[in-house]
Amino acid sequence: MPKLIDHAAREVQIAEAAWRVAVRDGVRAVSVRSVAAEAGLATASLRRAFPTQNALLAYCLELVGRRVRDRTAATAAGLAPREGARAVLRQLLPLDAERRLEMEVFLLIGTLALTDADLRPGYDAAHAELATGCRLVLAALGEVGEVRAGLEPDLEASRLHALVDGLALHLLRRPVGEDTAWAERVLDAHLDSLR
């Protein structure tokens, strides 16, 4: 009897191997051979799941987005609006090893996406999703009086988006294991400034 393969789990296994190769050796080192070796699979198995390198890289971006969406959706449940907003925004920052790896992968592949028409749509979609998330966070805060009247919603959403992106970059520049509390204080100060 042939062995049944969970194709969705195999795709995740391959993408995670590609993440490790990209972060360790650079995104240009992500090849069928290097990823198959990292995942402990035959190259034919990898090619069946992802016939091209761009298909694999696009899936890597998609997987980052899916994991961030899943975490943020689970994070704010049951929290007061301000604490929920803070918890969601923290999930967008590389404050632990898992989120750091995701952010590094997103930036590595995102750099390629700037000049690669196959990767650009996924990268642009992730950027738009983050912008929408910032608007929704601010709207939720506004509904409970945590955003003072007179602030321009689109401008504040853009400012929050830029802050999250900037904090993420600064966190990645620091050594692994270094204290990240400063980034959370900056985020809290920004939320306080909206009142």
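Which pattern does the chain follow, read along the sequence? I read α-α-α-α-α-α-α-α-α, and my tally is nine helices and zero strands (DSSP runs, H or I of at least four residues for helices, E of at least two for strands).

A note on what I am looking at: this is a predicted model, where local features need pLDDT of at least 70, side-chain atom pairs count only at pLDDT 80 or more, and totals for chains, interfaces and linings use all residues. I number residues from 1 along each chain as its sequence is written, and side-chain values use heavy atoms, with hydrogens and water left out.

Next I looked up the overall extent. The C-alpha trace spans about 65 × 35 × 30 Å along its principal axes. Of the 195 residues, 41% count as buried (under 20% relative accessible area, 1.4 Å probe, protein chains only).

Then I turned to aromatic rings and found two pairs (ring centres of Phe, Tyr or the six-membered ring of Trp within 6.5 Å; planes under 30 degrees apart are stacked, over 60 edge-to-face, the rest tilted). Phe50 and Tyr59 have ring centres 5.2 Å apart and planes at 45°, so I log this pair as tilted. Phe50 is buried at 5% relative accessibility, and Tyr59 is buried at 8%.

Elsewhere, I noted Arg174 over the face of Trp182, 4.3 Å from the ring centre (the rule asks for CZ of Arg or NZ of Lys within 6 Å of the centre and within 35 degrees of the ring normal).

Key
Buried means under 20% relative accessible area, exposed over 50%, partly exposed in between (1.4 Å probe, protein chains only).
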